[in-house]
Amino acid sequence: MAEEVKTRTALGYQRPGLAVVLVGEDPASAIYVRNKIRTAEKAGLHSVITHLDASCSQQALDDIVTELNERDDIDGILVQLPLPAHLSEERIINLITPEKDVDGFHPMNVGQLATGQAHLVPCTPLGCLEILKREVGDLSGKHAVVVGRSNIVGKPMASMLLQANCTVTVVHSKTVDAASLCKQADILVAAVGVPELLDSAWVKPGAVVLDVGINAIEKDGKRKLVGDVNFADVADICKAITPVPGGIGPMTIACLIKNTLVAAKQRGVKQPVVKAR
């Protein structure tokens with residue numbers, strides 16, 4: 001992507017611009033934002049970070065997003081989630097202009113995803129699909145089970161797998177005998193947010209397992225990050241499994257950069273002409 005950015009700027013287009021808004025001091029969110037900005041800069045993007053206090057008002061956050069919507073040097077806007085409880089995530093998602101919604105969460109982009117017309121899709125499912133295409137190849141006819149039905153991962157992941165011609169089952173908290181359904185999956189995507197919920201009783205031998213979960217637990221007196229899948233119990237029976245951390249996360253960030261470049265192409269803003277005096 002860095003080479004494509006160089007090529008575009010050499011043709012007179014402005015560098016793609018990514019703006020990230022961080023509210024509060026959540027350590028995990030701060031790490032995610034730092035990694036996103038670092039990767040964006042390595043790819044040659046223009047990046048802007050706005051850090052607001054956790055006690056900021058809804059109006060203050062709204063004003064920041066509105067300003068970024070109007071800035072010509074910004075192609076993509078990402079407000080790091082989750083937000084403090086007194087702030088409305090739905091309001092902010094709806095406020096970001098769809099053309100700059102590099103998270104792919106705006107209702108217009110969600111609708112376009114459902115109808116197969118999307119240009120900007122949620123980064124984590126997009127990263128998962130890229131991994132599957134590399135690991136599995138043609139996904140047609142594969143039985144994919146998605147564990148979790150969130151708007152951020154589960155629902156868009158199911159839509160994308162359907163468009164890749166998989167047969168898709170979505171398992172959630174009200175599903176009866178979830179483990180037996182998961183055991184049928186050729187492709188198993190865990191995105192439920194429960195530490196090490198899925199063990200070998202949930203996984204078919206030879207399945208490809210994508211672990212989207214990232215959960216902090218205390219183990220042996222130390223803080224440890226684990227996924228939704230019990231990696232040690234599952235690794236020997238599946239064909240492939242993504243680790244936590246270091247699996248889906250880097251692909252999510254790469255897809256964020258890809259989405260920003262897509263947004264920049266759609267906007268097609270040229271560099272300002274500087275007139276000689």
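Here are some exercises on the structure above, each with a worked solution.

Before you start: this is a predicted model, in which local features need pLDDT of at least 70, side-chain atom pairs count only at pLDDT 80 or more, and totals for chains, interfaces and linings use all residues. Residues are numbered from 1 along each chain as its sequence is written, and side-chain values use heavy atoms, with hydrogens and water left out.

**Exercise 1. The whole chain**

Task: Find how many helices and strands the chain has, and compare its radius of gyration with the globule rule.

Solution:
- Step 1. Start with the DSSP runs, numbered from the N terminus: helices are H or I runs of at least four residues, and strands are E runs of at least two. The chain has 10 helices and 10 strands.
- Step 2. Take the radius of gyration over C-alpha atoms, and the globule rule as 2.2 Å times the number of residues to the power 0.38. The chain comes out at 20 Å, close to the 19 Å that the rule gives for 277 residues, so it is as compact as a globular protein of that length.
- Step 3. Add the box: along the principal axes, the C-alpha atoms fill roughly 75 × 45 × 30 Å.
- Step 4. Look at burial, where buried means under 20% relative accessible area, exposed over 50%, and partly exposed in between (1.4 Å probe, protein chains only). Of the 277 residues, 46% are buried.
- Step 5. Turn to contacts, meaning heavy atoms within 4.5 Å. Among contacts with a separation of 6 or more, 68% are between residues 24 or more positions apart.

**Exercise 2. The cysteines**

Task: Work out how many disulfides the structure holds, and whether C182 is buried or exposed.

Solution:
- Step 1. Apply the criterion: a disulfide is a pair of cysteine sulfur atoms within 2.5 Å. The structure holds zero of them.
- Step 2. Check C182 by distance: the nearest cysteine sulfur belongs to C238 and is 14 Å away.
- Step 3. Check accessibility: C182 counts as buried because its relative accessibility is 0%. C56 is buried as well, at 11%.

**Exercise 3. The three-stranded sheet**

Task: Give the strand order of the sheet that contains β1, and find which strands stand at its edges.

Solution:
- Step 1. Use the pairing rule that two strands pair if DSSP finds at least two bridges between them. The order is β2-β1-β3 in an open sheet with parallel pairing.
- Step 2. Read off the edges: β2 (46-52) and β3 (76-79) each have a single partner strand, so one side of each lacks a neighbour in the sheet.
- Step 3. For angles, fit lines to C-alpha atoms (for helices, over the stretch in contact) and take 0 to 180 degrees between N-to-C directions. With direction ignored, neighbouring strands of this sheet are turned by 15° against each other on average.
- Step 4. Place the helix: α3 (residues 58-70) packs on the sheet and touches β1, β2 and β3, its direction making about 180° with that of β1.
- Step 5. Zoom in on one pair: β1 (residues 17-23) and β3 share four bridges, and V21 stands opposite V79 in β3.

**Exercise 4. The five-stranded sheet**

Task: Order the strands of the sheet that holds β7, and trace the bridge partners of V209.

Solution:
- Step 1. The order is β5-β4-β6-β7-β10, again an open sheet with parallel pairing. At the edges are β5 and β10 (240-241), each pairing on one side only.
- Step 2. Count bridges around β7: four join it to β6, and two join β7 (residues 208-211) to β10.
- Step 3. Trace V209: L188 has V209 as its bridge partner in β7, while V209 stands opposite I241 in β10.
- Step 4. Sort the side chains of β7: V208 and L210 point one way, V209 and D211 the other, and all are buried.
- Step 5. Add the helix α6, which lies across β6, β7 and β10 and runs at about 160° to β7.

**Exercise 5. Helix α7 and a loop residue**

Task: Find what the buried residues of α7 pack against, then describe the surroundings of V194.

Solution:
- Step 1. In α7 (residues 154-163), the buried residues are G154, P156, M157, A158, M160 and L161.
- Step 2. These buried residues pack against α5 (107-114), α6 (123-135), β4 (143-147), β5 (167-171) and β6 (187-190).
- Step 3. Just after α7, N165 takes a positive phi of about 70°.
- Step 4. Now move to V194, in the loop between β6 and β7. V194 is partly exposed, because its relative accessible area is 34%.
- Step 5. Setting aside neighbours within four places in sequence, V194 is in contact with N215, G227 and D228.
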